[in-house]
Amino acid sequence: MKINCFIPFTNKEQMQSTIISLRESSLTDKIYLLNDSKNDVESSILGCKVINIDTIYSTSTLLTVSELADTEYTLIYTKHANLKMGLYALERMIKIAEETNAGLVYADHYKMMNGEKKSAPVITYQKGSLRDDFDFGSVLIYDSLILKEATTLMSKDYKYAALYDLRLKVSQKAEIVHINEYLYIEIENDMRKSGEKLFDYVNPKNRDLQLEMEDACTDHLKRTGAYLKSEFKTITLNEVWFEYEASVIIPVKNRIKTISNAIRSALIQKTDFKFNLIVIDNYSTDGTTEAINKFAGDKRLVHIIPEEKELGIGGCWNVGVHHTNCGKFAVQLDSDDVYSDENTLQKIVDAFYAQNCAMLVGTYKLTDFYLNEIAPGIIDHKEWTLENGRNNALRINGLGAPRAFYTPLLREIKAPNTSYGEDYALGLNFSRHYQIGRIYDVLYYCRRWEDNSDASPDIIKQNANNTYKDRIRTWELEARMRKNKDHR
């Protein structure tokens, strides 16, 4: 016998099929049922021992699991739902774990949704896979010795972040291995569209959870040499002359339904300085170009059709920022969105000087196409702190909007030529060296509608996006480790 299994308890009837599935493997030893309900249940059900816990995500629960882990491997199932293991799936997972000396293995799987089976491939873990919502699937198999080592390092008593804390500490001791084979079926209870799940991590209701996750990530960065102290390079915002104090930058391709609103939003800004609007029209074919041309009478509009035809959003930003008429501060406005009022640009420029920062991020409100607020509403990223924001940025999947940059530095750093994650990459790079300022007034309305690029991406697109952002984090981690070594 090689595996002890720990599964969340729901009720006796629902547990039966999961237990039968696990016991089909000769590798299964003991099965423990983790009861997080308020109700007392009998101590032994279906030949399994019931353990009363607070939540499966708490430190106390994982310490209990560690104490009971007396086999070579430990399986933790993380869903309150039926589990069906594939034929010899446990044997396959253990074989890979043994052959790779993995501290943790996880696998691709299927999800049963409304009676329909769908593929649920997951992505390969990287050094930069620091998102606390990284999807391993629900079946986690740990090397028990590594699990016990990792739990001895868990010095904080978490209510929500213990599984995240455990995963980070396991990664410090051994490899985390993805088995890209479909090895089990899990039930999908969260029926929301994928696009609706993107903002769970900034829901104000989850603030306590976020603080715990930040603490666990910060501890990991300190242990791995990637933590940065709150020491920043100073900048002098007036050392370079610009004709324009600020430029609103709008990259656009085929947004005939929204581009006119975005342009008007920029041009109605009231400021005590000279500004312009640079629209990089990336070979639109739906009438967007003609819509932009209707504003040609306003001399503040710079309409660029770039020579290069293989530009993503980041590449378009590079074209706009390097234009001779780009202002001292380059301010984001997506072609789908609008500023909240005519004072946004003034507030942003004032904040650059007040906070003496190289990059600035504001607050936005999620709305529908018609600017009606939708859940979760205001996204303020108040988890950002001057002391630890640059470190916590490695855990979350975005920094907020609108974003604005000190143009001389943006010209030096440059955005990656992609249409996803380019803003996040810039934020990490800027924060490695410079202070990022914040504005917590709502400056921006982010419109969610069917033509948004991330409105409801399929699993292949989600995985590609997440893999790329994890790669960005991996590069950034390595750069920060090198930075710390050079400063010793």
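This is a short tutorial dialogue on reading a few features of a predicted model.

Q: Happy to start with strands. How many residues of strand S7 are buried?
A: Burial is a good thing to check before looking at partners. Strand S7 spans residues 104-113 and is mostly covered, with 7 of its 10 residues buried.

Q: Which strand runs parallel to S7, and how many bridges join the two?
A: Look for strand S10, residues 176-187: this strand runs parallel to S7, and 8 bridges join them. To find the register in your viewer, start from tyrosine 106, which stands opposite histidine 178 in S10.

Q: In what sense do S7 and S9 pair, parallel or antiparallel?
A: S7 and S9 pair in the antiparallel sense, over 2 bridges. Here a handy marker is valine 105, which faces isoleucine 141 of S9.

Q: What do S7 and S8 form, and what should I look at in the turn?
A: They form a hairpin, with 2 residues between the strands. Inspect the backbone of asparagine 114 in that turn, since its phi is positive, at about 55°. Along the strands themselves, S7 and S8 run antiparallel and are joined by 5 bridges. Methionine 113 is placed opposite glutamate 116 of S8.

Q: Now helices, please. What describes two packed helices?
A: The angle between their axes and the distance between the axes describe the pair. In this model, helix H4 (residues 144-152) packs with helix H5 (residues 162-173) at about 115°, and their axes are 9 Å apart. H4 and H5 are therefore roughly perpendicular to each other, because that class covers angles of 65 to 115 degrees.

Q: Is the crossing of H4 and H5 left-handed or right-handed, and which residues make the contact?
A: The crossing of H4 and H5 is right-handed. On the H4 side the contact is made by Ile146, Leu147, Glu149, Ala150 and Thr151, and on the H5 side by Leu166, Lys169, Val170 and Lys173. Sorted by class, the contact holds 5 nonpolar, 1 polar and 3 charged residues.

Q: Let us turn to single residues. Why does arginine 480 count as buried?
A: Compare the relative accessibility with the cut-off: arginine 480 is at 0%, and buried means under 20%. Arginine 480 sits in helix H15, residues 459-486. Leaving aside neighbours within four places in sequence, its contacts are Gly225, Ala226, Leu228, Arg390, Asn391, Leu394, Leu428, Ser431 and Arg432.

Q: Where does serine 129 lie, and what does this serine touch?
A: Serine 129 lies in the loop between strand S8 (116-120) and strand S9 (139-143). Serine 129 is nonetheless buried, with a relative accessible area of 0%. Not counting residues up to four places away in sequence, serine 129 touches Thr124, Phe134, Arg167 and Asp470.

Q: How far apart are asparagine 392 and methionine 213, in sequence and in space?
A: It helps to read both separations together. These two residues are 179 apart along the chain, while their C-alpha atoms are separated by 9.1 Å. Asparagine 392 belongs to helix H12, residues 389-392, and counts as buried at 2% relative accessibility. Beyond residues up to four places away in sequence, asparagine 392 touches Glu214 and Glu383.

Q: What are the two separations for alanine 291 and isoleucine 259?
A: They are 32 residues apart in sequence and 7.5 Å apart in space, C-alpha to C-alpha. Alanine 291 is in helix H9, residues 288-293, and is buried at 7% relative accessibility. With neighbours within four places in sequence left aside, alanine 291 is in contact with Ile256, Ile259 and Ser260.

Note on methods. Residues numbered from 1 in each chain as written. Predicted model: local features only at pLDDT ≥ 70, side-chain atom pairs only at ≥ 80, totals over all residues. Heavy atoms only, no water. Helix = DSSP H or I, 4+ residues; strand = E, 2+ residues; numbered from the N terminus. Buried < 20%, exposed > 50% of the residue type's maximum accessible area, 1.4 Å probe, protein only. Contact = heavy atoms within 4.5 Å. Axes fitted to C-alpha atoms, helices over the stretch in contact; angles between N-to-C directions. Parallel < 35°, antiparallel > 145°, perpendicular 65-115°, else oblique. Left-handed = near helix turned anticlockwise from the far one by under 90°. Nonpolar A, V, L, I, M, F, W, Y, C, P; charged D, E, K, R; others polar. Pairing = 2+ DSSP bridges.
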